[in-house]
Amino acid sequence: MKSPHSRPGPTLHTPIHRRRTRCVVDIFAGTAKIAHRCSLLGLPSESWEIARGDHQDVLLAENSRRIRLQIEKHRAGLVWFALPCQTWSRARRGGRTGPPPLRNKEFIMGRPPECLSDKDQNKVYYGNKLFHWTMSVIRHCMRHGVPFILENPRTSMVWDTPAMQKLFRNPLCSRTNLDFCQFHVPWKKATSLLSFNVPSVGRLHKQCTYRGPCTWSGVPHVVLTGTDEHGVFWTSRASPYPDLFAAKSAQVIYDTITGSKAERAARAAQVTRA
Ligand SMILES: [Zn+2]
């Protein structure tokens, strides 16, 4: 529930077994499964989700400053961005009945104002604002050597922006493809991660087959259109991360922050290659 009068700042997820270690910053956290799972492993975590109230708006100067400070003081061990993907979706194709596309290959940062309603122009404006903020925090992470992971649907147009394309060419960044069905949910939901300085992120690379029944469930994937038997939209049911994905991601984050021997060796090898 929104609480507009709360003071700016994140929700803190205090670990049961407190370790003297750097924290996880879960941004655009939704149900904060990443922060929660990390805290269960003993990592102090904080999550930011504007749906809880405007006090968690990362665009607020005070909040943005806090996040940047966590990074430059190396209090943050890893930053996770689940960048809101609505305006980057390819699902809006226009046609006779559907809503018109907000972006396309030619106008990746938004189609010209004359092609969009005022409401859609506002959506693109806000989507771009979050994108530019995220890119600036990503650059801050890279400047200070703080690992990050950014998650978005594989078909999201965010991957086509020149800024993302540039990151893909950076030898310390990598792109990992995965399908959520492989983390035990009935929908496929093809997803990609862009990561920096996270050598074990490849452990999350689990994909289903391109055609045919799901290799995990053995039956066709649930298509995320319309509602389930309780009238709940499939898209909103599929919005939180699968529990297993959050758990496996938390393990990758734990290894990245606490730096197991193998992890340190892999990172050193990466830096040498770069
Ligand atoms: Zn599958």
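Colleague: Quick one about helix H1, residues 33–40: how many of its eight residues are buried?
Modeller: Six of the eight, so H1 is largely enclosed by the rest of the structure. Keep in mind that this is a predicted model.

Colleague: Okay, which residues of H1 are buried?
Modeller: Lys33, Ile34, Ala35, Arg37, Cys38 and Ser39.

Colleague: And what covers them?
Modeller: The cover includes four strands, S1 (11–13), S2 (23–27), S3 (45–48) and S4 (76–81), along with helix H6 (243–258).

Colleague: Let's stay with H6. At what angle do the axes of H1 and H6 cross?
Modeller: They cross at roughly 60° and come within 8 Å. That angle is why the two helices count as oblique to each other. The crossing of H1 past H6 is right-handed.

Colleague: Which residues make the contact?
Modeller: From H1 you have Lys33, Ile34, Arg37 and Cys38, and from H6 there are Ala246, Ala247, Ser249, Ala250, Ile253 and Tyr254. Sorted by class, that contact of H1 with H6 has seven nonpolar residues, one polar and two charged.

Colleague: What about the stretch just after H1, what does glycine 42 do there?
Modeller: Glycine 42 takes a positive phi, about 105°.

Colleague: New topic: where is glycine 127?
Modeller: Glycine 127 sits in helix H3, residues 118–143.

Colleague: Is glycine 127 buried or exposed?
Modeller: Buried, because it has 21 C-beta neighbours inside 10 Å and the cut-off is 20 or more.

Colleague: Which residues is it in contact with, leaving aside neighbours within four places in sequence?
Modeller: Glycine 127 is in contact with Thr87 and Trp88. Also, its C-alpha is 9.3 Å from that of leucine 83, although the two are 44 residues apart in sequence.

Notes
Residues numbered from 1 in each chain as written. Predicted model: local features only at pLDDT ≥ 70, side-chain atom pairs only at ≥ 80, totals over all residues. Buried ≥ 20, exposed ≤ 12 C-beta atoms within 10 Å, placed from the backbone. Contact = placed C-beta atoms within 7 Å. Axes fitted to C-alpha atoms, helices over the stretch in contact; angles between N-to-C directions. Parallel < 35°, antiparallel > 145°, perpendicular 65-115°, else oblique. Left-handed = near helix turned anticlockwise from the far one by under 90°. Nonpolar A, V, L, I, M, F, W, Y, C, P; charged D, E, K, R; others polar.
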